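Work through the exercises below with the model open. Each task is followed by a stepwise solution.

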Amino acid sequence: MAGLEIRELEAFLALADELHFGRAGERLYISQSRVSQLLRSLEGRIGARLVDRTSRRVRLTPLGERFLTGLRPAYEALSATVDGARSEAREVGGRLRIGFQGTVDALLMTAITAFQQRHPGCVTEIVEVPFADPFGAVRRGDVDTAIVLMPVAEPDLVLGPVFSRQRQTVALSVRHPLARRASVDAAELDAAPLIAAGPPAPAYWREAHAPTSSPGPAVSTLQEGLTLVAAGRGGMLLCRPTAAYHGRGDVVFVPVEGVPDSVLGMVWHRDGETERVRAFAREVAANTRDRSGDRG
């Protein structure tokens, strides 16, 4: 099979049907001489003649007849497999698995609802992505696409719509000295221990979500982080919607001045782009465009 070209098999099949080099070429939209060239190449790989040709007639050799009997069903099965994969890639049906980090906020829920209404034949599943592994589910194929916290600098992933710009808050224990403040600034935040995501989140991503010279403990999930916050082990940066969703009596959320806003982005694997993913990306872009600059 080394070096075998599908075009050689197609030329043989067309010639077996037509028993005429000219008509076989017309069927394949190639020249008669090209059909002859492809056949010679195939016969060279096999090591024997498959077709007897004279100036008056073309017919299969006994080996050519046996080869045709085995080849045709295999070729038709291969063609059906390719056609099926192409059809699946182009249609918006089946199932779309959407990962998310933090909270499914109103913007994302609006996009999901719009996608479901536009494509009722496609079932959506929503799966939470671990705080410390923003890109793993996409890479493993556990989800088709994911909504993750920016930044994203992964060469094997495609970054789609970027949206939901939100002001940052810092989660603090109610006993923390800064807990009663109306806000804190970046300098104060830099001097405080901040709880960060642990591996496998890449270093640049972990540092973006815990920008401090006094790193605190590393965690895998938001709940782990908030538990350590409540225990007084450090603060934790969260956007406003996530802070509101995870509110608890022993933790306060203080607005932070002078740090970049929290932003979400839609990502998918370069090898996993389908029409379902593209259609969802269009809905995310359309339903978040007008409000992507809101600070909440």
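**Exercise 1.** Which residue is the bridge partner of Phe-100 in β5?

Solution. The model is predicted; local features need pLDDT of at least 70, side-chain atom pairs count only at pLDDT 80 or more, and totals for chains, interfaces and linings use all residues. Residues are numbered from 1 along each chain as its sequence is written, and side-chain values use heavy atoms, without hydrogens and water.
- Step 1. Strands (E, at least two residues) and helices (H or I, at least four) are DSSP runs, numbered from the N terminus.
- Step 2. Strand β3 (residues 94-100) and β5 run parallel, joined by three bridges. Strands pair if DSSP finds at least two bridges between them.
- Step 3. The partner of Phe-100 is Ile-147.

**Exercise 2.** Follow Ile-147 to β13 and assess the burial of β5.

Solution.
- Step 1. Ile-147 stands opposite Met-266 in β13.
- Step 2. β5 and strand β13 (residues 262-269) run antiparallel, with four bridges.
- Step 3. Five of the five residues of β5 (residues 145-149) are buried, so the strand is largely enclosed by the rest of the structure. Buried means under 20% relative accessible area, exposed over 50%, partly exposed in between (1.4 Å probe, protein chains only).

**Exercise 3.** Classify the ring pair Phe-131 and Trp-205.

Solution.
- Step 1. Ring centres must lie within 6.5 Å; planes under 30 degrees apart are stacked, over 60 edge-to-face, the rest tilted (Phe, Tyr and the six-membered ring of Trp).
- Step 2. The structure holds three aromatic pairs. One of them, Phe-115 with Phe-280, is edge-to-face at 5.6 Å and 85°.
- Step 3. Phe-131 and Trp-205 are also edge-to-face: 5.8 Å centre to centre, 65° between the planes.
- Step 4. Trp-205 is buried at 0% relative accessible area.
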